[in-house]
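User: Hi! I'm new to reading protein structures and could use some company. Can we go through this one together?

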Amino acid sequence: GTGANLPFYGTDVRLSVLEPNPHMAKRFRRRTAERGRQATIVPEKGEDMPFPDASFDSVVTTLVLCTVDDLDRVVQEARRVLRPGGQFLFYEHVASLDPRTRRWQARLNPCWRFCTTGCNLDRDIAGEIQRAGFAAVELRRFSLSVGWPVKIPNIVGVARA
């Protein structure tokens, strides 16, 4: 992404970022320079992270798992690169638990996906994280209003390796 999360990382944190989109990487570089930060930007997708097993203390995703090609693979890769005791921190919008809303998400998804260049409204991201084999998963569900009566379900949480 563009580096919107940069203010939340301590200055002692070493950042390695996967960003396959060169336009987003350019914006990220500009934002890190403005903040006097250093980061390694790797132009790869999350499905095949070019890092050794157990090489990171933390993996963070923010509103990205809705767009990846293979959700299961990305979550498995996040788990693979975490050291024992490491944490996968996530904030994502997800498929609703309400069956009626979920049906609407499925109906709207093709148009939504086209208009948003690949974002999926109806992914069970929470379920995928919970099934991935982490030692523990803690998450909180909430909805964000995007104008009455439309609300988008979200999750925020941590999964520990």
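User: Which helix and which strand each supply at least two residues of the lining of the second largest pocket?
Analyst: Happy to help! Keep in mind that this is a predicted model. Helix 3 (99-115) and strand 6 (151-160) each give at least two residues to that lining.

User: Nice. What share comes from helix 3?
Analyst: Seven residues, which is the largest share of the lining of the second largest pocket.

User: And what is the volume of that second largest pocket?
Analyst: Its volume is about 390 Å³. The pocket is lined by 15 residues, and those closest to its centre are Thr101, Trp104, Leu108, Val150 and Lys151.

User: How many of the lining residues are nonpolar, polar or charged?
Analyst: Ten are nonpolar, two are polar and three are charged.

User: Back to helix 3 for a sec. How many residues does helix 3 have, and how far does it reach?
Analyst: Helix 3 has 17 residues and spans 24 Å from its first C-alpha to its last. That is close to the 24 Å expected at 1.5 Å a residue.

User: Where does helix 3 bend?
Analyst: The bend is at asparagine 109 and comes to about 50°. A proline, proline 110, follows within four residues.

User: I also clicked on arginine 103. Where does arginine 103 sit?
Analyst: Arginine 103 belongs to helix 3. Its relative accessible area is 46%, so arginine 103 counts as partly exposed; the partly exposed range lies between 20% and 50%.

User: What separates the C-alpha atoms of arginine 103 and methionine 49?
Analyst: Those two C-alpha atoms are 33 Å apart, and the residues are 54 residues apart along the chain.

User: Changing topic: which residue just after helix 3 has a positive phi?
Analyst: That would be threonine 117, with a phi of about 50°. Threonine 117 lies in the loop between helix 3 and helix 4.

User: Why point out a positive phi?
Analyst: Because most residues other than glycine have a negative phi. Alanine 54 also has a positive value, near 55°, and is found in the loop between strand 2 (39-42) and strand 3.

User: Are those two buried or exposed?
Analyst: Threonine 117 is exposed, at 74% relative accessibility. Alanine 54 is partly exposed, at 39%.

User: Last one! Which residues touch the most other members of the largest nonpolar core?
Analyst: Leu65, Val75, Phe88, Ile125, Ile129, Phe134 and Ile155 do, out of 23 residues in that core. Strand 3 (56-62), helix 2 (71-81), strand 4 (82-93), helix 4 (125-131) and strand 6 each contribute at least two residues to this core.

User: Which of them gives the most to this core?
Analyst: Helix 2 does, with five residues.

Conventions. Residues numbered from 1 in each chain as written. Predicted model: local features only at pLDDT ≥ 70, side-chain atom pairs only at ≥ 80, totals over all residues. Heavy atoms only, no water. 1 Å grid on protein atoms, 1.4 Å probe; cavity = no way out; pocket = protein on both sides within 12 Å on 5 of 7 lines; lining within 4 Å. Points joined across faces, edges and corners; volume = space filled by probe spheres on them. Nonpolar A, V, L, I, M, F, W, Y, C, P; charged D, E, K, R; others polar. Expected span 1.5 Å × (residues − 1). Bend = angle between axes of the 7 residues up to and from the residue. Core = buried A, V, L, I, M, F, W, Y, C linked by side-chain atoms within 4.5 Å. Buried < 20%, exposed > 50% of the residue type's maximum accessible area, 1.4 Å probe, protein only.
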